[in-house]
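Grab a coffee and work through these exercises with the structure open beside you. Try each task before you read its solution.

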Amino acid sequence: MIQTISDEDFRKLTTFIKSHYGITLQEKRQLVTSRLSSLLSEQGYTSFSQFVTQLLKEKDPQKIEQVLNRLTTNYTFFMREPEHFEFFTKVILPELVRKYQKKKSLAIWSAGCSSGEEPYNLSMYIKDFLGPQANQWDTRILATDISQKALTTAKKGIYEVPDTVPESWRKRYFKQIEGSRYAVSPEIRNNVIFQTFNLMDPIKFRTKFDVIFCRNVMIYFDQPTKDALVRRFYDATVPGGYLMISHSENLSKDAPYVTVAPSTFQKK
């Protein structure tokens, strides 16, 4: 049964989520009540008032994550938006390999990696591109998400692999478990470092990145939140580095990056 939420409790809840996690839900009252009503029942709450008061008082990370998991969609898949991967392999990788011939190290970040398909996919493209030289390079990808649940799935590396994944990759980079369920090979799994990270936090990683993938994440943010995040990404990108976002997203006209391909931007 869908519970009703008072204006005050709705305001408190959505303000808290926006200020801490960037997710804008002020216009999505029906979505909030319909998706959270079952969570209230499961946890034994009889009203939204009781639930919101307790949530904001305790600020229990596990309970907050359950709320965020209900209100956002951790939906992704292998070979998603393939035009990005094509630009990555035909333009970006050749450029980076020339640039880093001596140090043989790439810095790539999958920001908002969800259940892990994107960073594993990137790793496969890199291994394929480098071929026999791959073992000489440090190509480890940083993959972050706010959801512990998504990261647990990602670390397991077990998926239903779609037909869009090339047969040669299925054989080389996966091990069949049963039917269409496959485990990502250790070679690919070990090339991804998973870490919990909230994109609203300052970006203080040790290194700056050659490429940042942040696709289908900013759909949840309002424009000022997006603009602030893009500026943080820009500061975390090496000169000449790239940002890739989803085809369904866009940057402001005054964004510091330069557009070089659809949904692909460069720090000149």
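**Exercise 1. Find the residue in S2 that is the bridge partner of Ala111, then work out how S1 and S2 run.**

Step 1. In this predicted model, Ala111 has Thr144 as its bridge partner in S2.

Step 2. Now look for another pair: Trp109 stands opposite Leu142 of S2.

Step 3. Trace the chain between the two strands. It leaves S1, passes through helix H6 (residues 117-130) and arrives at S2, a β-α-β crossover that is right-handed.

Step 4. Put the pairing together: strand S1 (residues 108-111) and S2 are parallel, with 4 bridges between them.

**Exercise 2. Decide whether the faces of S2 are covered or open, and say what pairs with S2 through Ile141.**

Step 1. Check the burial of strand S2 (residues 141-145): 5 of its 5 residues are buried.

Step 2. Sort them by side. Ile141, Ala143 and Asp145 sit on one face, Leu142 and Thr144 on the other, and both faces are covered.

Step 3. Follow Ile141 across to S6, where its bridge partner is Val192. S2 and strand S6 (residues 192-196) are parallel and share 5 bridges.

Step 4. Look for a helix here. Helix H7 (residues 148-156) lies across S2 and S6, at about 165° to S6.

**Exercise 3. Write down the strand order of the 7-stranded sheet and explain which strands stand at the edges.**

Step 1. Read off the order: S6-S2-S1-S7-S8-S10-S9, an open sheet with mixed pairing.

Step 2. Pick out the ends. S6 and strand S9 (258-261) each have a single partner strand, so each has one side without a neighbour in the sheet.

Step 3. Add the twist, which averages 25° from one strand to the next.

Step 4. Lay a helix on top: H5 lies across S1, S7, S8, S9 and strand S10 (264-266), and runs at about 165° to S8.

**Exercise 4. Do the same for the sheet of 3 strands.**

Step 1. The order is S3-S5-S4, the sheet is open and the pairing is antiparallel.

Step 2. Strand S3 (158-160) and strand S4 (174-178) are the edges; each has a single partner strand, so one side of each lacks a neighbour in the sheet.

Step 3. From one strand to the next, the twist averages 35°.

Step 4. Zoom in on S4 and strand S5 (residues 181-184), joined by 4 bridges. Glu178 is paired with Arg181 of S5.

**Exercise 5. Is Thr89 buried or exposed, and what is it in contact with?**

Step 1. Locate Thr89 in helix H5 (residues 82-99).

Step 2. Its relative accessibility is 18%, and the cut-off for buried is under 20%, so Thr89 counts as buried.

Step 3. Leaving aside neighbours within four places in sequence, its contacts are Pro94, Tyr125 and Phe129.

Step 4. Check the polar side: a polar atom of the Thr89 side chain lies 3.2 Å from the backbone oxygen of Glu86.

**Exercise 6. Which residues have the most contacts inside the largest nonpolar core?**

Step 1. Recall the general trend: nonpolar side chains in soluble globular proteins tend to be buried together.

Step 2. The largest core here has 46 residues, and Ile17, Leu36, Phe51, Trp109, Leu199, Phe233 and Leu251 have the most contacts inside it.

Step 3. Among the elements that each supply at least two residues of this core are helix H1 (7-21), S1 and strand S7 (209-214).

Step 4. Take Phe51 as a sample. Beyond its neighbours within four places in sequence, Phe51 is in contact with Leu36, Leu39, Leu40, Gln43, Tyr45 and Val67.

Key. Residues numbered from 1 in each chain as written. Predicted model: local features only at pLDDT ≥ 70, side-chain atom pairs only at ≥ 80, totals over all residues. Heavy atoms only, no water. Buried < 20%, exposed > 50% of the residue type's maximum accessible area, 1.4 Å probe, protein only. Pairing = 2+ DSSP bridges. Right-handed = clockwise from strand over helix to strand, strands pointing away. Core = buried A, V, L, I, M, F, W, Y, C linked by side-chain atoms within 4.5 Å. Contact = heavy atoms within 4.5 Å. Axes fitted to C-alpha atoms, helices over the stretch in contact; angles between N-to-C directions. Polar contact = N/O pair within 3.5 Å; in protein donor to acceptor, adjacent residues only side chain to side chain.
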